[in-house]
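Subject: The structure we talked about

Dear colleague,

I am passing on the structure below so that you can look at it on your own before reading my notes. Please open it next to the text and follow the description chain by chain.

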Amino acid sequence: MTSSINAIYVEHHSWLRRFLCRRTGCMHLAADITQDVFVRLLTRDSFPEIREPRAFLARIAHGLVADQWRRAAVERAWLQTMASLDFAVPSPDEQAEIVEALVRIDALLGGLKPRAREAFLLSRLDGLTYPQIAERLSVSLSTVEKDMALAMRHFYRLLID
Amino acid sequence: MDDKITDTVFEEAIQWAVVLGSGTVSPAQQAAFTAWLQRAPAHETAWRRLQEIDGDFNLARTAAEPAKATLAAVRRGRRRKRRAALGGLSAIALLFGVALAISDYRYQWTADVATGTAERRTLEMAGGGRVHVNGRTSLDIESTAQGTMVRVHKGAIVVQSGGTGAPIGVSTAHGTFRPVGTRYVVTRDDGATDLSVIAGTVSTSSADGGVTKRIGAGAEVRIADGDIQRLPATGLRADAWVEGIIEADDAPLSAVLDSLAAQRRGWLLFDDEVAALRVSGVFRLDDTDRALAVLERVLPIELEQVTDWIVRVRLEDAK
């Protein structure tokens, strides 16, 4: 596995850097993302058979750039929330961990239908029971159960991808 | 990787997570779950994978209120952006009846060569010959046993065979072009691919291989839906953009404006009466504002800068 990554690195890393340079208009950012793409490849625990290495690398780079956007949006929203409301402020370390978790949660929740998303958050963040959630959302208990199963199926599909 | 988790096992794990997450679990349910967990190693693996999600939620739960406020704010921001984009587009489309081609983002991202607006490039091919690439074009280059194949996802190219190298063929979703010592232009749009042969002949096949024709110099054809149709003359020299110009000979103004629009950011909008006007002349692609000003001077048209991004071309008021 490592040797095939090696081969991909030798053959395609200059292409990827040029390609990202064109895409982002910034040489340094392109070099950073290129590095991150290969770090990401090396730390993957499964490795698909790669038939089109360039499309594959570009897809990972695209994901990384999207992740950066998401992280920036979550960080901004978190800081605004902390500044605007009267919350107990966690320590900087705790905040950093929570923001990381929220970045991943935001990615997981994307594409989930609003009611299932709401039900799942009420269960996992507010600690409500299903009967309480059913009452809050004005739906039946079995609807809540179906939404919870839907959410978990959605998450799992994203995680194994 | 680890033990194979079948969909059935995973679905069972989800059902158990639903039961245990309800907040009202009976001792009998708890015992049944423990029994299920111990029945097979795959059950435990599936369950552990499912629990990985909980780590992040448990962490966020330590600050549940700001966590929820943050997630909601991120979502609001995203929705606002999308609505702004959609609102802008539909307003334009309604007012002017413009069909907007959403560019194929995937190819723009992964193609070997992708040009931006008003960016033209010339590729020197390994076996001799050149490929001129117009703006807003994306393509991949493949070496095959029969020679070089250029796969055009979007946009326009001019192929100039040369040297002793193998011929340079072109393919799109609609068809395949194999040249016999020649110069030709391939333009790929959403629903069709157009071919203009400038010198030599090009063997042209529809994508499904159902129709093949030899197209000679001077002819223009369109391939769409597995059929090859001859196009009426447009009045524009098909490969003029390589020299950075538009060469029109009694061409409909719509054809000239479309060519200019492809070189500009934003939109160039025009009414049907404007589209039908005829125009002859040479216009430079690198200064489309000047080209438009020239057109405004010689034709009964008026330009209106609607916004920074939108220029509207309409018939001059008959006063």
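Read from the N terminus onwards, the elements of chain A follow the order α-α-α-α-α-α-α, which agrees with its count of 7 helices and 0 strands. Please keep in mind that this is a predicted model, and that what I describe here was computed from it.

Chain A has 161 residues, of which 37% count as buried. When the contacts in chain A with a separation of 6 or more are considered, 54% of them are between residues 24 or more positions apart. The area that chain A exposes is about 9200 Å², and carbon and sulfur atoms supply 52% of that area.

Turning to chain B, you will find both kinds of element, since its secondary structure comes to 8 helices and 16 strands. Chain B has 319 residues, and buried residues make up 42% of them. Among its contacts between residues at least 6 apart in sequence, 44% join residues at least 24 apart. Chain B exposes about 16600 Å², with 51% of this area supplied by carbon and sulfur atoms.

One part of chain B that I would like you to examine with some care is an open sheet of 3 strands, which has the order E13-E16-E15 and mixed pairing. Its edge strands are E13 (267-270) and E15 (301-305) of chain B, each of which pairs on one side only. From one strand to the next, the twist averages 20°.

How do E13(B) and strand E16 of chain B run, and how many bridges join them? They run parallel, and 4 bridges join E13(B) to E16, which spans residues 310-315 of chain B. As an example that you can find in the model, Leu268(B) has Val311(B) in E16(B) as its bridge partner.

Helices accompany these strands as well. Helix H6 of chain B, formed by residues 253-261, lies across E13, E15 and E16 of chain B and runs at about 165° to E13(B). Helix H8 of chain B, formed by residues 288-298, packs on the sheet and touches E13 and E15 of chain B, while its direction makes about 140° with that of E15(B).

When you go through the model, you could begin with the helices of chain A and then move on to the sheet in chain B.

With best wishes

Conventions. Residues numbered from 1 in each chain as written. Chains lettered and ligands numbered in written order. Predicted model: local features only at pLDDT ≥ 70, side-chain atom pairs only at ≥ 80, totals over all residues. Heavy atoms only, no water. Helix = DSSP H or I, 4+ residues; strand = E, 2+ residues; numbered from the N terminus. Buried < 20%, exposed > 50% of the residue type's maximum accessible area, 1.4 Å probe, protein only. Contact = heavy atoms within 4.5 Å. Areas by Shrake-Rupley, 256 points an atom, 1.4 Å probe, with all protein chains shown as cover. Pairing = 2+ DSSP bridges. Axes fitted to C-alpha atoms, helices over the stretch in contact; angles between N-to-C directions.
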